[in-house]
Amino acid sequence: MKHAVVIGGGIGGLAAAAGLHRIGWRVTVLEQAAEFAEIGAGLTLWPNGLAALRALGFQDELTELSMPQRAGGVRSRSGRWLTRMDSDELERTLGQPMVGVHRAQLHELLLAALPAESLRTGAQVTDVDPDTGIPELDVPPADLVVGADGIRSSLRARHWPAHPAPVYTGFTAWRAICQEGAPNDLGVTMGRAAEIGVVPLADGRTYWYFSIRAPEGQHNPDEYEFLREYLARWHEPIPELVARTSAEDVIRNDMYYLATPLKSYVHGRVALLGDAAHAMTPHLGQGGCQALEDAAVLTASCADHDSVPDALRAYDEQRRPRSQQIARASTMAGKFGSQLANPVAVALRDFGMWLMPHRTTIQSFLRVSSWTPPEISAIR
């Protein structure tokens, strides 16, 4: 039985571990935190993310956790609709909708697919031998080591030492879950160098995020009060949504990305996945979905090839072009979207979006989320 060590217990790492376990591999997941827990609030799963989860064998479990986004679009700060999303048409085209899901619930779903003996916490991994795959911990020798340890990946730093470090996007972001009843529609509102998104969840709560251009490392004495004052003049239901959110539920993080693409996601028997491989800007909401695609393709490659080097070669050949293309598109979307600060440029952007034909809006979704998942016949 082949053995995989997955370093990092986030959504991408657990999805890869669940997939490998389901094709008959022995799996050990090493998480440096004291417990397995997902940091964050909500997540929008585009059709490609849902397709990846289904390919990994999660056909039915998401139904209770996710809220299909049936209507929505993009507004200006005043509340004027710039584009409207016909999600029924999107679902007809791709066979499935976009859904909002709580990160913690998705994390728990993936954890439940793994045996308890596969999970280890408090495991600080700084290096592995790329040939034997043996981490610096007391674990059995590994045929494969999956680096799912995030944007500050220690494995990437060790085995790709010349690669540039992550770069600050220029944006900081606040995220939260509003526990009370809130809007039913998915929506994004763009202002001057600012953006807020609202994602309804299946249990009646609402995930929202807000990002603005800001100096790296900046903080406010009271982040919650800053948000309430900053967003007070934005259109409803934004001020009300923030007011009904508990201050303790608000998380702030500066946003970083890998501005220089990796030349390979593989080094010896080490394969990078998710943010460790292709951390991208948040402007297309594809970070989590691309990690799930990675997990599905890695699982399929390992199922299709007896040789681990052959499997990793196939994984790299399939995943690197697409994930890096999505990363470039996300960077470009930010430059022409929420990064604009000049009032004239903002007005021209809003007018252009308002003039955009509905079919063009749908095509922009298709370019990102149109992805055919691999068939993993060995999934059990």
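In the predicted model, Phe351 is located in helix H11, which spans residues 343-355. Phe351 is classed as partly exposed because its relative accessibility is 45%, a value between the 20% and 50% limits. Together with Trp354 and Leu355, Phe351 makes up a nonpolar surface patch, and the accessible area of the three residues is about 340 Å². For the chain as a whole, the exposed area is about 16300 Å², of which 51% is supplied by carbon and sulfur atoms.

The chain contains 12 helices and 16 strands. Of its 380 residues, 56% are buried. Among contacts with a sequence separation of 6 or more, 75% are between residues 24 or more positions apart.

An open sheet is built from 6 strands in the order E8-E2-E1-E9-E16-E15, with mixed pairing. Strand E8 (119-120) and strand E15 (266-267) occupy the edges; each has a single partner strand, so one side of each lacks a neighbour in the sheet. Within this order, strand E9 (residues 144-147) and strand E16 (residues 270-272) are paired in the parallel sense over 3 bridges. Gly147 has Leu272 in E16 as its bridge partner.

Antiparallel pairing is found among strands E10 to E13. Strand E11 (residues 186-191) is mostly covered, with 6 of its 6 residues buried. On one side of E11 the buried residues are Leu186, Val188 and Met190, and on the other they are Gly187, Thr189 and Gly191, so that both faces are covered. E11 pairs with E12 in the antiparallel sense over 5 bridges, and Thr189 has Ile196 in E12 as its bridge partner. The two strands E11 and E12 form a hairpin with 2 residues between them, and Ala193 in the turn has a positive phi of about 50°.

Strand E12 (residues 194-200) is also paired with E13, in the antiparallel sense and over 7 bridges. Here Val199 has Tyr207 in E13 as its bridge partner. The hairpin formed by E12 and E13 has 5 residues between the strands, and its turn includes Gly204, with a positive phi of about 95°. Strand E13 (residues 206-213) is mostly covered, 7 of its 8 residues being buried. In addition to E12, strand E13 pairs with strand E10 (residues 167-178), in the antiparallel sense over 8 bridges. In this pairing, Ala176 stands opposite Trp208 of E13.

The whole structure contains 9 salt bridges. One of them joins Glu223 and Arg252, with 3.0 Å between the closest N and O atoms. This pair links distant parts of the chain, since Glu223 belongs to helix H6 (residues 223-230) and Arg252 to strand E14 (residues 251-257), 29 residues apart. Glu223 and Arg252 are both buried.

A salt bridge is also formed between Arg319 and Asp294, whose closest N and O atoms are 2.5 Å apart. Because Arg319 lies in helix H10 and Asp294 in helix H9 (residues 287-304), the pair ties together parts that are 25 residues apart in sequence. Both Arg319 and Asp294 are buried.

Within helix H10, Arg320 forms a salt bridge with Asp316, and the closest N and O atoms are 3.0 Å apart. The two residues Arg320 and Asp316 are 4 positions apart in this helix, so about one helical turn separates them. Arg320 has a relative accessible area of 22% and is therefore partly exposed, the limit for a buried residue being under 20%. Asp316, at 8% relative accessibility, falls under that limit and so counts as buried. A network of salt bridges with shared partners joins Glu293, Asp294, Arg319 and Arg322.

Helix H10 (residues 308-335) also contains Ser323. The relative accessible area of Ser323 is 0%, so this residue is buried. Its side chain makes a polar contact of 2.7 Å with the side chain of Tyr265. When residues up to four places away in sequence are not counted, Ser323 touches Tyr265, His278, Met280 and Gln290.

Definitions and conventions
Residues are numbered from 1 along each chain as its sequence is written. This is a predicted model: local features need pLDDT of at least 70, side-chain atom pairs count only at pLDDT 80 or more; totals for chains, interfaces and linings use all residues. Side-chain values use heavy atoms; hydrogens and water are left out. Buried means under 20% relative accessible area, exposed over 50%, partly exposed in between (1.4 Å probe, protein chains only). A polar contact is a pair of N or O atoms within 3.5 Å; within protein, one must be able to donate a hydrogen and the other to accept it, and residues adjacent in sequence count only if both atoms are side-chain atoms. Contact means heavy atoms within 4.5 Å. Accessible areas come from the Shrake-Rupley method with a 1.4 Å probe; for residues, only the protein chains shown count as cover. Two strands pair if DSSP finds at least two bridges between them. Patches are made of residues with over 30% relative accessible area and no salt bridge: like charges are joined within 9 Å, nonpolar side chains (Val, Leu, Ile, Met, Phe, Trp, Tyr) within 5 Å. A salt bridge is a side-chain nitrogen of Lys or Arg within 4 Å of a carboxyl oxygen of Asp or Glu.
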